Amino acid sequence: MSKFLKGSAPTDSEVILGILNNSEIVLERLYVAYFPMVLQLIINNNGSADDAKDIYQEAIIVLYNKIKSGNFELSSKLKTFIYSVCRRLWLKRLNQMSRFDGDIRDFQDYLPVEDEVDKQTDRDLQFTKMEGALALLGEPCKTIIEDFYMHDRSMQEICERFGYTNADNAKTQKYKCLQRLKKLFFQHS
């Protein structure tokens, strides 16, 4: 491990900018800096080191998605935010496993982030449903939708790839595909 990773925790702004710029180094520094805090929380509350790794990974995904969405406003220290998300995720897991005795032993302040975790869970469910609808969509619609929305290809590129006479025809086909996708999505809700 490099000296850089063993150094101090990244600042909150370094983490946010690092995530926005897809910096793996910042994510590694974030892991080194705050994982011990999460490990202690989970171990002290009927969990294992593997549980702590899972919960920490889920919390970093919540943080990552919030920052990437562009509407992330940090109203506390990042460390407190991460701790709060981990705490909420662990409480939820304990409740699911029926091992929660009603009181979690904290060693630090936390923020109520239940809404954020619930929103992320709902968003994950919606993405799973969308993947299922996309799988049922068939070709060429599936590829057209993926090219446009996931791979940021222009209508002109899609037109050329699929042999449409012009970009307007490709756009019309994309619209029809979206309507089919929408129908499939809501049929499987």
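This is a short chat about the disulfide and the nonpolar cores of a predicted model.

Student: What should I know before I start?

Tutor: The model is predicted, so local features need pLDDT of at least 70 and side-chain atom pairs count only at pLDDT 80 or more, while totals for chains, interfaces and linings use all residues. Residues are numbered from 1 along each chain as its sequence is written, and side-chain values use heavy atoms, with hydrogens and water left out.

Student: How many disulfides does the count come to?

Tutor: One, where a disulfide is a pair of cysteine sulfur atoms within 2.5 Å. Cys141 and Cys177 form a disulfide, with their sulfur atoms 2.1 Å apart.

Student: Where in the chain are those two?

Tutor: Cys141 is in helix H7 and Cys177 in helix H9 (residues 167-187), 36 residues apart. Helices here are DSSP runs (H or I, at least four residues), numbered from the N terminus.

Student: Is Cys141 buried or exposed?

Tutor: Buried, and so is Cys177. Buried means under 20% relative accessible area, exposed over 50%, partly exposed in between (1.4 Å probe, protein chains only).

Student: New topic. Which helix gives the largest share of the largest nonpolar core?

Tutor: The core has 28 residues, and Ile42 and Cys86 are among those that touch the most other members. Helices H2, H3, H4 and H5 each supply at least two residues, and H5 gives the largest share, nine. A nonpolar core is a set of buried Ala, Val, Leu, Ile, Met, Phe, Trp, Tyr and Cys residues joined through side-chain atoms within 4.5 Å.

Student: Why does Cys86 count as buried?

Tutor: Because its relative accessibility is 0%.
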